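Here's a quick tour of one model, starting from the inside and working out to the charged pairs. Have the viewer open while you read.

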Amino acid sequence: MAELRPTLDIIAPFLNEAQSAAAFVALLDQLEAVVSQRFGMAMHKILVDDGSQDDGVERFSRTLSGSWEIVRLSRNFGKEVAVLAGLDRSRGDMVLIMDADLQHSMEISLTMISELVEDPELDVVYAQNDRREASWRRSQLARLFYSLINSSQRFDIPENAGDFRVMRGAVARAVASLRDKRRFNKGLFAWAGFRQKAVPYSPEDRASGTSKWSRLNLLAFSLEGFTSFSVIPLRLISLCGLIAALAGALYGAKVFFEVVFYGIAVPGYPSLLVAVVFLGGFNLALLGLIGEYVWVTLSESKDRPIYIVRDVVSGEFGRGKPGTADR
């Protein structure tokens with residue numbers, strides 16, 4: 001019997017990427033040829049349609065070759081969940097996650113695969129964005145975010161590292177076994193552990209369209225990370241509450257001292273109004289933060305599937321049958 005070759009699975013979530021379909025398929029064909037020749041690996045492509053409204057699925061299915069499948073989700077569940085849907089379908093010896101908008105280049109993909117093949121002690125190689133285009137304010141906010149979220153943790157979430165990475169099959173299946181409904185992949189990949197290495201890269205320009213990540217989305221995504229992986233916000237709020245209580249006690253002692261020893265009248269309406277407004281706003285902010293954590297707890301406790309699969313379109317050598325849901 002012929003010896004079976006190891007398999008590299010490519011997982012590529014996409015949303016409304018019809019315009020870049022042809023170019024991305026061409027990149028996959030080039031990558032497959034090099035992977036087969038240089039590493040002796042077969043390649044299986046798993047594309048996940050995250051509720052696209054264009055004809056991207058049709059364009060991909062007409063042009064993909066070799067072993068491939070397109071998992072169509074029933075609606076838009078978000079990129080984090082789309083990656084999980086791809087991991088659930090993966091059975092390869094190695095798994096490469098990349099975007100379909102051509103920002104993740106073939107050169108960096110080959111570099112990461114080479115690192116993993118040449119070092120048997122490595123389990124994950126991830127691409128770390130070294131582009132310096134972000135404003136000073138944004139870079140400082142990102143640094144503050146990672147400093148806070150990594151505080152008091154037994155693992156570190158690497159800065160400027162996304163889903164663009166290659167991992168061994170055992171790692172992919174370990175990450176897929178983490179069934180968080182509110183998913184924050186940066187944290188999940190770091191929490192899973194294993195031996196990891198960073199490869200610096202600069203994202204390519206998008207082939208078409210614009211980024212789906214607005215500033216508001218990034219802010220919500222950051223809050224998702226905090227509520228999923230860090231208790232620091234609650235501790236900071238508790239510390240602020242303790243400081244406010246201590247300040248109130250000291251101010252009360254000062255007023256009492258002035259009344260008893262100097263006969264100074266107790267300040268009236270202005271000081272009272274300031275205290276009420278400050279403490280009222282502080283309590284509302286605290287309730288809002290606690291509400292975020294309660295919402296995460298509620299989401300995790302619901303018995304809903306993480307995503308629902310509409311159907312699976314497979315190539316000649318594609319695996320699996322159409323699915324309905326995953327819990």
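Leaving aside residues up to four places away in sequence, Met112 touches Leu96, Val125, Tyr126, Ala127, Phe164, Arg165, Val166 and Val199, where a contact means heavy atoms within 4.5 Å. Keep in mind that this is a predicted model: local features need pLDDT of at least 70, side-chain atom pairs count only at pLDDT 80 or more, and totals for chains, interfaces and linings use all residues. Numbering runs from 1 along each chain as its sequence is written, and side-chain values use heavy atoms, with hydrogens and water left out.

Met112 is also one of the residues with the most contacts inside the largest nonpolar core, along with Leu8, Phe60 and Leu96. That core has 38 residues, and its largest share, eight residues, comes from H1. Apart from it sits another core of 25 residues, including Ala82, Val95, Val309 and Val312. A nonpolar core here is a set of buried Ala, Val, Leu, Ile, Met, Phe, Trp, Tyr and Cys residues joined through side-chain atoms within 4.5 Å. Buried means under 20% relative accessible area, exposed means over 50%, and partly exposed is in between (1.4 Å probe, protein chains only).

Zooming out, the chain has ten helices and eight strands; these are DSSP runs numbered from the N terminus, with at least four residues for a helix (H or I) and at least two for a strand (E). Of the 327 residues, 41% are buried. The accessible surface comes to about 17,900 Å², and carbon and sulfur atoms hold 59% of that (Shrake-Rupley method, 1.4 Å probe; for residues, only the protein chains shown count as cover). Among contacts between residues at least 6 apart in sequence, 79% join residues at least 24 apart.

Now the sheet. Eight strands form an open, mixed sheet in the order E7-E5-E6-E4-E1-E2-E3-E8, and two strands pair if DSSP finds at least two bridges between them. E7 and E8 (309-314) are the edge strands, each pairing on one side only. Ignoring direction, neighbouring strands are turned by 20° against each other on average. E1 (residues 7-14) and E4 (residues 94-97) run parallel, joined by four bridges, and Asp9 stands opposite Val95 in E4.

Two helices are worth a look against this sheet. H2 (residues 56-63) packs on it, touching E1, E2, E3 (67-73) and E8, with its direction at about 170° to that of E3. H3 (residues 79-89) lies across E1, E2, E3, E4, E6 (161-168) and E8, at about 155° to E1. The axes are lines fitted to C-alpha atoms, for helices over the stretch in contact, and angles run from 0 to 180 degrees between N-to-C directions.

How many salt bridges does a search of the whole structure find? There are nine, each being a side-chain nitrogen of Lys or Arg within 4 Å of a carboxyl oxygen of Asp or Glu. Here are some of them.

| Pair | Closest N to O |
|---|---|
| Glu32 and Lys45 | 3.0 Å |
| Arg59 and Asp55 | 3.3 Å |
| Glu115 and Lys197 | 2.8 Å |

Glu32 is in H1 (residues 21-39) and Lys45 in E2 (residues 42-49), so this pair ties together parts 13 residues apart in sequence. Lys45 is buried, at 0% relative accessibility. Arg59 is partly exposed at 29%, and Asp55 is partly exposed at 33%.

The Glu115 and Lys197 bridge links distant parts of the chain: H4 (residues 106-118) and E7 (residues 196-201), with the two residues 82 apart. Glu115 is partly exposed at 23%, as is Lys197 at 33%. Finally, Lys79, Asp99 and Asp163 are joined into one network by salt bridges that share partners.
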